Amino acid sequence: MERDDLIVNDSYSLNSHHSEEEGAAIRKNVWKVTAILTLLTTVEVIMGIYFKRAETFTWSMIKWSFVILTLVKAAYIVLVFMHLGDERPNLKKVVLAPYMMFIGYLLFIAITEGFAHLGNSTLFQ
Amino acid sequence: MGGEATKSISKEVLWGGGQSPFSVSYGKMMMWYFLVSDALTFGGLLTAYGFVRASSPDAWPIGEQVFRSLPGLDGEYPLIYVALMTFILIVSSVTMVLAVESGHRNDKNGVVKWLGLTVIGGFIFLGSQAWEWSHFIHGSGGSYLLAENVSVTSDDGQTFDLNKGDAIYMDHDFGHLAEPWSEGNPMVSLQDSEHGIKLVQNGEHTHEAELHALTINKYIENESHVSGDQAMKLWNARSESFSFGANMHDNEYAVQQSYANFFFFITGFHGFHVLSGVVINIIIFFMAYRGVFERRKHYEMVEKIGLYWHFVDLVWVFVFTFFYLI
């Protein structure tokens, strides 16, 4: 059957195939990202075991570094493993922009309005 | 006139139709749209979790003090098991990328090999999660709540002023007999012993456990052990409210049940995604093995299920951080 949704010379369209060399380059990148993800997880676990929860500035820094490390891991998974990074910019935007908008709004509402009855935001304390 | 275009657009900018402006097939684009909506579901669940946790008046259990066991081993290994689960999922994500990459080179044997390994990784993760759930549900020794305010000295000499409603934790042996006893099982009786108190179960085999020590702040701070007459003081101040492990309306880890409920729902919902991912992986594995994609001349199906499988890994990365680390 003739497909009408393909673009010629696009590296991820169905009728174009990677050569051995392209494959080797992709595999090399995959192993690199695997090493990064494993390293970041190890760092998180060591931090998790070593630092106890407390009402201190150090702990809130640790907490935020967990969030940042998680976002870095998420970016590697989405951009390299799901190869969204290799897709066209308009597809990237169509996938990421609505998500960022909705989750950003939800978090904003949860943090501000959700604690309005207490008189202040407690989520960041 | 209003509503009419006054500027002409050059043909290079205008999309003429016929081909996808995203340069992806319909199926792959729909997979992306599905993943965006599914990610919103998980984002909503984790936001709800964070909100309930932040607005909870009671202390929330610390991940590394609740999850610190390894199958078949005694002792404490905080977070090691969950870290292992995370690693298993990352590795199965890697084998999936390699399956997709083999597909791009029309390498049937590569696809079959890497997809097969991905299925095995998925089963290992599901088995680990089953053990994790079983351990969470059974708990370690159970807890009871205090009926009155008590002041006790712990074994390391610190004084604690405990309030009515605070949780006290029993050791595994004592808790094992305290569970049927607290439920009014006539086979188990509470008796005085030379060290204070013991529970005796009469049956085919007689089981006994003495109250040696109790633990305070087990899951919410640095735990302290209390023994001897101080433990008796805590035991005598008990209320009728006992908790053993976790179920849908009660849990030993926290005063608030939302802790166990969120654990069951979020990790359960994620586990269900892994299960369906493994089932689809198996189907695609057999299709690849029987040469369906070879005849089709492309392995796009592997790429689509690959997107789903990576998404499952992505969600776990967030669950791991917000449930176990923070």
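Which residues touch the most other members of the largest nonpolar core? In this predicted model, they are B:Val82, B:Ala99, B:Leu115, B:Val302, B:Val319 and B:Phe320, out of 72 residues in that core. Chain A has a part in it too: α1 (20–50) and α2 (57–81) of chain A each give two or more residues to this core. Here's the rundown, starting with the core and working outwards.

**The cores**
- On the chain B side, the elements that put two or more residues into the largest core are α1, α3, α4 (108–138), α7 (258–289) and α9.
- α9(B) hands over the largest share, 18 residues.
- B:Phe320 makes a handy spot to zoom in on: skipping neighbours within four places in sequence, B:Phe320 is in contact with B:Val82, B:Thr86 and B:Leu325. One of these partners, B:Val82, is also on the list of residues that touch the most other core members.
- There's a second, separate core as well, with 19 residues, among them B:Tyr169, B:Phe174, B:Leu199 and B:Leu214.

**Where the chains meet**
- The contact between the chains takes 49 residues from chain B and 50 residues from chain A.
- On the chain B side, α1 (26–54), α2 (63–66), α3 (80–104) and α9 (300–325) each chip in at least two residues.
- α1(B) gives the most to that side, with eleven residues.
- Sorted by class, the side of chain B that touches chain A comes out at 25 nonpolar, 19 polar and five charged residues.

**Chain B: overall build**
- Chain B carries nine helices and ten strands.
- Its radius of gyration is 28 Å, while the globule rule gives 20 Å for 326 residues, so chain B is more spread out than a compact globule.
- Along the principal axes, the C-alpha trace of chain B covers about 90 × 60 × 35 Å.
- As for burial, 40% of the 326 residues of chain B count as buried.
- Take the contacts in chain B with a separation of 6 or more: 65% of them link residues 24 or more positions apart.

**Chain B: two domains**
- Domain 1 of chain B is made of two stretches, 26–139 and 258–325, and domain 2 runs over 143–243.
- The C-alpha centres of these two domains of chain B sit 39 Å apart.
- Five residues from domain 1 of chain B and four residues from domain 2 of chain B make up the contact between them.
- The domain 1 side of that contact has four nonpolar residues, one polar and no charged.

**Chain A: domains and the α2 helix**
- Chain A is also split by the domain assignment, into domain 1 (19–86) and domain 2 (87–125).
- Taken over C-alpha atoms, the centres of the two chain A domains are 22 Å apart.
- α2(A) has 25 residues, which at 1.5 Å a residue should span 36 Å; its end C-alpha atoms are 35 Å apart, so the two figures agree.
- Which residues of α2(A) are buried? They are A:Phe66, A:Thr70, A:Lys73, A:Tyr76, A:Ile77, A:Val78, A:Val80 and A:Phe81.
- The cover over those buried residues comes from both chains, and includes α1 of chain A along with α3 and α9 of chain B.
- After α2(A) comes A:His83, with a positive phi near 35°.

Conventions. Residues numbered from 1 in each chain as written. Chains lettered and ligands numbered in written order. Predicted model: local features only at pLDDT ≥ 70, side-chain atom pairs only at ≥ 80, totals over all residues. Contact = placed C-beta atoms within 7 Å. Helix = DSSP H or I, 4+ residues; strand = E, 2+ residues; numbered from the N terminus. Nonpolar A, V, L, I, M, F, W, Y, C, P; charged D, E, K, R; others polar. Domains from an automatic or database assignment. Rg over C-alpha atoms; globule rule 2.2 N^0.38 Å. Buried ≥ 20, exposed ≤ 12 C-beta atoms within 10 Å, placed from the backbone. Core = buried A, V, L, I, M, F, W, Y, C linked by C-beta atoms within 7 Å. Expected span 1.5 Å × (residues − 1).
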